[in-house]
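Here is a short report on one structure. Take a look at the model first, then read on.

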Amino acid sequence: MVEHIRGAQHVHRVGSSRLLVEPPVRVLGRLLLRSDTRVGCFTEFGQHVEVQAADIGRYCEIGNNSTVGATGHPLTWMGVSAFQYKKATWGWHPAAAESQVIDPEAGGRQSFRSVGPDRAWIGNDVWLGAGVVVLRGVRIGDGCIVAANAVVTRDLPPYTICGGLPAKVIKKRLPDELRDELLDLQWWRYSPNALAGIPFDDPAAAVAALRPRIEAGLEPYDPGLVEIPRPEASSRRRRFLRG
């Protein structure tokens, strides 16, 4: 059987969250999912990554201790605690079992739980350094690099190197003409096998070598989305539950 994800034992889910991947995907350490999450092929997660509300493209590197699609807490309410809007947080305890909550999106208002109308979108060939926080509703363009410990509060353009609090463009990753060629070719559509022999260490030469292959009919890699199931409880735990 073909392995779709390496490190599946490190994936943890909150509630009914599902993980759908274009295989293969690699997880090096604990990965916590708080909503349904889609991940493109050949993407690797570092340790202690949390995805709250985001989808992630192909060939990405997500650094240790990153948070992607982060939601917020109320700044103008009576308090910041989730007991005010989320029953499940403390409703399990008798002291909060009769609490009443307020819908933060009531009446169509913009919620503190989102900085935009959508989930975060991490493009293809994106590197998030260690400790990066990407807020919900933000789009990070293809080929973007985000420096360690940056907080991304707004969209970042493709093929730029960004950093800071909040994150902003530090410099371009490549000259404009070469950037445009790479965006046009969308090399991430292809598998490493199909890209064999391309001079990766020289982007201009890589473009020159890849374009004829694509024009000759190079076949994109399209494995489709595969849902990674939750791990089954161990036989010991099943026996304990039956007893």
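## A pair and its network

D176 forms a salt bridge with K172 in this predicted model. The closest N and O atoms of D176 and K172 are 3.0 Å apart. D176 is partly exposed. Its relative accessible area is 32%.

The D176 and K172 pair does not stand alone: K172, D176, R179 and D180 are linked in a network of salt bridges. Why can such pairs arise at all? Side chains of opposite charge can pair when their charged atoms come close.

## A bridge between two helices

E181 and R211 also meet through their side chains. Their salt bridge spans 3.7 Å from N to O. E181 lies in helix α2 and R211 in helix α3, so this pair ties together parts that are 30 residues apart in sequence.

Are the two partners buried, exposed or in between? E181 has 27% relative accessibility, so it counts as partly exposed. R211 is partly exposed as well, with a relative accessible area of 24%.

## Helix α3

Helix α3 covers residues 203–215, which makes 13 residues. From its first C-alpha to its last, α3 reaches 18 Å. That is close to the 18 Å expected at 1.5 Å a residue.

Which residues of α3 are buried? They are A206, V207, L210 and I214. These buried residues pack against α2, residues 176–185. The link between α3 and α2 therefore has two parts: the packing of buried residues and the salt bridge of E181 in α2 with R211 in α3.

After α3 comes G217. The phi of G217 is positive, near 105°.

## A bridge between two strands

Another salt bridge joins E44 and R26. Here the closest N and O atoms are 2.4 Å apart. E44 lies in strand β7, residues 43–45, and R26 lies in strand β4, residues 25–27. The pair therefore ties together parts that are 18 residues apart in sequence.

Is E44 buried or exposed? E44 counts as buried, because its relative accessibility is 18% and the cut-off for buried is under 20%. R26 counts as partly exposed, at 40% relative accessibility.

## The whole count

How many salt bridges does a search of the whole structure find? It finds 13. Among them are the pairs D176 with K172, E181 with R211 and E44 with R26.

How values were computed
Residues numbered from 1 in each chain as written. Predicted model: local features only at pLDDT ≥ 70, side-chain atom pairs only at ≥ 80, totals over all residues. Heavy atoms only, no water. Helix = DSSP H or I, 4+ residues; strand = E, 2+ residues; numbered from the N terminus. Expected span 1.5 Å × (residues − 1). Buried < 20%, exposed > 50% of the residue type's maximum accessible area, 1.4 Å probe, protein only. Contact = heavy atoms within 4.5 Å. Salt bridge = Lys/Arg side-chain N within 4 Å of Asp/Glu carboxyl O.
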